[in-house]
Amino acid sequence: MGQDVAAEAPHPRGAAVASLVDGRRLVSTRAVGKNLLLEFDGGVVVRSHLRMRGRWSVVPAGSKRTGRPWLVLRGREHEAVLWNGPVLELERGRTARLGPDILTECVDASRLRGVDARRELGDVLLDQRVVAGIGNLWKAEALWHARISPWRTVGETFDEELQLVLDEAARLMKASLEGSRPRRSVYRRPGRPCPRCGTPVASRGQGDDNRIAYWCPACQS
């Protein structure tokens with residue numbers, strides 16, 4: 001931090017970001033949920049979200065590598081390399097557009113009331129502008145524990161139910177950070193019996209990104 005950064009994009013997905021941040025000073029780095037925010041001078045902010053496949057690595061500058069990372073940010077002695085980053089966005093003032101971090105803040109159900117009431121709850125929970133940090137695994141498991149379908153709209157859901165989903169997501173994620181191995185009840189278990197009622201778990205793409213939703217059709221309504 002505090003250094004001018006040389007940026008390159010061996011993979012075309014990082015080209016727009018590299019061209020704008022190349023030569024800028026890295027002012028700060030901050031994690032908000034699973035988002036990594038890299039703030040550069042001039043008010044430029046890069047947001048990276050790794051989901052399940054991406055990773056950052058920090059290595060000595062000029063290290064040999066195999067493959068094409070999305071983005072390389074090189075300082076005087078080290079370079080940060082982004083591999084397979086599903087989300088890499090570049091904006092000015094992006095920090096203000098992220099919602100509260102589910103792991104560090106008490107998130108109130110009113111956050112979910114601020115979106116279009118016709119939006120499906122499973123889609124809203126992944127919207128980092130509403131709540132930061134909830135990924136597809138925790139969305140699926142939190143909704144299962146709360147007995148709420150990912151296809152129910154926000155307008156069809158009571159405040160108490162919205163709060164329960166948020167609380168379950170925070171509880172499960174914090175337990176995982178503390179070393180508890182999460183038991184997957186529905187996530188990536190399509191066709192297997194629901195641990196609660198025995199009905200086969202269903203799965204289908206949801207939202208603009210077509211992220212796979214997993215749920216029990218019988219006990220999640």
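# Notebook: helices, strands and cysteines

I began just past helix α5, where Gly-179 takes a positive phi of about 105°. A reminder to myself before going on: this is a predicted model.

**Entry 1: helix α5.** I went back along the chain to α5 itself, residues 159-177. The helix has 19 residues and reaches 27 Å from its first C-alpha to its last, close to the 27 Å expected at 1.5 Å a residue. Which residues of α5 are buried? I listed Leu-162, Gln-163, Val-165, Leu-166, Glu-168, Ala-169, Ala-170, Leu-172 and Met-173. I then looked up what these buried residues pack against, and found α2 (110-113), α3 (121-124) and α4 (136-146).

**Entry 2: helix α4.** I turned to α4 next, and it is mostly covered, with ten of its eleven residues buried. The buried set holds Asn-136, Leu-137, Trp-138, Lys-139, Ala-140, Glu-141, Ala-142, Leu-143, Trp-144 and Ala-146. What covers them? The cover includes α3, α5, β9 and β10. Just after α4 I noted another positive phi, about 60°, at Arg-147.

**Entry 3: the nonpolar cores.** I looked for the largest nonpolar core and found 34 residues in it. Leu-112, Leu-121 and Ile-134 have the most contacts inside this core. The elements that give it two or more residues are α3, α4 and α5. I took Ile-134 as my example and left aside its neighbours within four places in sequence. Its contacts are then Ile-102, Leu-125, Leu-126, Gln-128, Lys-139, Leu-166, Ala-169 and Met-173. Of these, Leu-166, Ala-169 and Met-173 are also among the buried residues of α5, while Lys-139 is among those of α4. Apart from the largest core lies another, of 15 residues, among them Val-17, Ala-18, Val-44 and Leu-82.

**Entry 4: the β9-β10 hairpin.** I followed the cover of α4 to strands β9 and β10. Strand β9 (residues 202-206) pairs with β10 in the antiparallel sense over five bridges. Ser-203 stands opposite Tyr-214 in β10. The hairpin has four residues between the strands, and Gly-207 takes a positive phi near 80° there. Is β10 enclosed or open? Four of the five residues of this strand (residues 211-215) are buried, so it is largely enclosed by the rest of the structure.

**Entry 5: Ser-221.** I moved on to the segment after β10, where Ser-221 lies. Is Ser-221 buried or exposed? It is exposed, with a relative accessible area of 56%. Leaving aside neighbours within four places in sequence, I found Ser-221 in contact with Arg-147, Ile-148, Ser-149 and Arg-152. Arg-147 is the residue with the positive phi just after α4. I also checked Ser-221 against Ser-19, 202 residues apart along the chain, and their C-alpha atoms are separated by 47 Å.

**Entry 6: cysteines.** How many disulfides does the structure hold? I found zero. The sulfur of Cys-194 is 3.7 Å from the closest cysteine sulfur, in Cys-219, which is too far for a bond, as the cut-off is 2.5 Å. Cys-219 is in no disulfide either, and its nearest cysteine sulfur, that of Cys-216, is 3.4 Å away. As for burial, Cys-194 counts as buried at 4% relative accessibility, and Cys-219 is buried with a relative accessible area of 13%.

**Entry 7: the open sheet.** I went to the sheet of four strands, which is open and has the order β1-β6-β7-β5 with antiparallel pairing. Its edge strands are β1 (6-8) and β5 (55-60), each pairing on one side only. Neighbouring strands of the sheet are turned by 15° against each other on average, direction ignored. At the β1 edge, three bridges join β1 to strand β6 (residues 71-74), and the two run antiparallel. The bridge partner of Ala-7 in β6 is Leu-73.

**Entry 8: His-49.** My last stop was His-49, in strand β4 (residues 44-49). How accessible is His-49? This residue is buried, with a relative accessible area of 6%. Beyond its neighbours within four places in sequence, His-49 is in contact with Lys-34, Asn-35, Gly-85, Pro-86, Val-87 and Gln-128. I had already met Gln-128 as a contact of Ile-134.

Terms used. Residues are numbered from 1 along each chain as its sequence is written. This is a predicted model: local features need pLDDT of at least 70, side-chain atom pairs count only at pLDDT 80 or more; totals for chains, interfaces and linings use all residues. Side-chain values use heavy atoms; hydrogens and water are left out. The expected span of a helix is 1.5 Å times one less than its number of residues. Buried means under 20% relative accessible area, exposed over 50%, partly exposed in between (1.4 Å probe, protein chains only). Contact means heavy atoms within 4.5 Å. Two strands pair if DSSP finds at least two bridges between them. Axes are lines fitted to C-alpha atoms, for helices over the stretch in contact, and angles run from 0 to 180 degrees between N-to-C directions. A nonpolar core is a set of buried Ala, Val, Leu, Ile, Met, Phe, Trp, Tyr and Cys residues joined through side-chain atoms within 4.5 Å.
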